[in-house]
Structure formats: C-alpha cells, structure tokens
Amino acid sequence: MNKKTCIAFLFFLACLTALTACTRSSRYGKVIVDSKGMEHILMTDANGVTVCDKFGNLVEVVTDSDSKKPIAAPTENGTLAEGQSGEYQTQSVSFPDVVENGDVLEQQYFSVTVPEGWENVGTGRIILRHTQTGAQVSFYPDLGTSLEDKLEQMDNDRAALDADFEYNETEATVDGFNAVCGTYEIGDIVRTVYVFKTDRDMVTEITCTVQKDSRDAVDFDSVLSAVHFK
C-alpha cells in the first residue's frame, strides 16, 4: 500500500469511528452514514445483524466510486457474479464505537438488545439508562487486565474506601460466562459489579447503578439477559 493510499484509508477509518445514529437497510446490507455524510454498506446476516470477521472487524461491501453500487466479486472461472447476496467484493474495517441497528446496539466485542424502558446515553460506548428511575448499566468489554488482577484491584478499592458500606459477593452468569458479582450499598446508592472473562480471554465488567429507593422498580436482568458476546 503506497503512502497516499495508506493516508486515505486511515482517514476513512477515522470518519467511520464517528458514526451518527442514522442507519437504514438496503438489499446489499446495513447502510450507515459517518460524520462526513458518507455512506458505507455493512454486510449483514439473515437476521439483519452486521457481520464481523474473526478479529471482530466489520465487513463492508465495496462500492464503485462513481456508481456507488457494490462491485461484483469474481467467480472461480474469472467472470463476475451477478448481484446476489454474498457475491460482492468486501473488505474488513475497524469497528466503530457503536453501531445502532434498530433496538440493537453493537460494539466490537458484544451486542445488546435494548429492553423497553431503557435508552443509550453513552458517548463512544454503551451506557443504558432506565428512563423511569435514572438507573444505569455501563459496559466495559475490554479492561486490558487479567481476571485475577481485576479482582485484586476491586479488593484494594474497597479497602481504600473511607466510609461504612455494605458489600455482598456472589456468583452469577452473564451470557453463559461465570461472573463474580459484587454489590455495594453506599448511602443512597446501590451498585452491582459483574466481572468475568469471555471466550476471547477478555476480562469484562458490567456495572449496574441505582438509587436504593428505586431498586425494586428496575429490572437489571432484562438488560443482562439481552447481552451477547462475540
């Protein structure tokens, strides 16, 4: 790849990471519009969910610069295939912060179907807020540490708190992964932290926060059960 091509590609990725929430579907896949107003077609599966490669990158359908139509992929005998699903040229591109497909929010490492009564208020990452009570669920899908180090850090953080609080630790399951579930009650706040390791050997944290007097009005399980890790 020459210098000009490399610069152009890096600029394209920079634009792609600043996607707006504007999405629509076409016969070729999911159409997204970046912050520069440029359209990109993302390959989708039979359920309309964006397709990723084995590294978690998006798979984009390559389009002609003039016609803006997908470029047909060559067949085994060298001819061009007709415009059918899966017969277009594609390329892998870095996954942007968040892609919104209706009520499904998708990030490089996981997706979550937003339950009724919740909305995404995160900027650059997924933070779901319960519209009635203001309770929140924050996702940290790649902590960049080992599970042992994260749990030790949690122990150290609790020891450093200069306040009386209740803490209860149990085990839980998130999308089939065994998690350490720690619940803090500090003043009027109840915070539950789930820490676990996914199939990618990636340590993840999900934090649920709610006012104590609203905890019975919030169904955090409806969010946790809607999370799927890739």
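The following exchange concerns a sheet and several aromatic pairs in a predicted model.

Modeller: Local features of this predicted model require pLDDT of at least 70, and side-chain atom pairs count only at pLDDT 80 or more, whereas totals for chains, interfaces and linings use all residues. Residues are numbered from 1 along each chain as its sequence is written, and side-chain values use heavy atoms, without hydrogens and water.

Biologist: What makes strand 7 and strand 8 a pair?

Modeller: Strands pair if DSSP finds at least two bridges between them. Three bridges join strand 7 (residues 104–106) to strand 8 (residues 110–113), antiparallel to each other, so the criterion is met. Val104 has Thr113 of strand 8 as its bridge partner.

Biologist: Why is the pair of Phe110 and Phe229 called tilted?

Modeller: Rings of Phe, Tyr and Trp (its six-membered ring) pair if their centres lie within 6.5 Å; planes under 30 degrees apart count as stacked, over 60 as edge-to-face and the rest as tilted. The centres of Phe110 and Phe229 are 5.6 Å apart and their planes stand at 35°, so the pair is tilted. Phe110 belongs to strand 8 and Phe229 to strand 16, 119 residues apart.

Biologist: How do you know whether Phe110 and Phe229 are buried or exposed?

Modeller: Buried means under 20% relative accessible area, exposed over 50%, and partly exposed in between (1.4 Å probe, protein chains only). Phe110 has 2% and therefore counts as buried; Phe229, at 6%, is therefore buried as well.

Biologist: What makes Trp118 and Phe220 a tilted pair?

Modeller: Their ring centres lie 6.0 Å apart and their planes are at 50°, so this pair is tilted.

How values were computed. Helix = DSSP H or I, 4+ residues; strand = E, 2+ residues; numbered from the N terminus.
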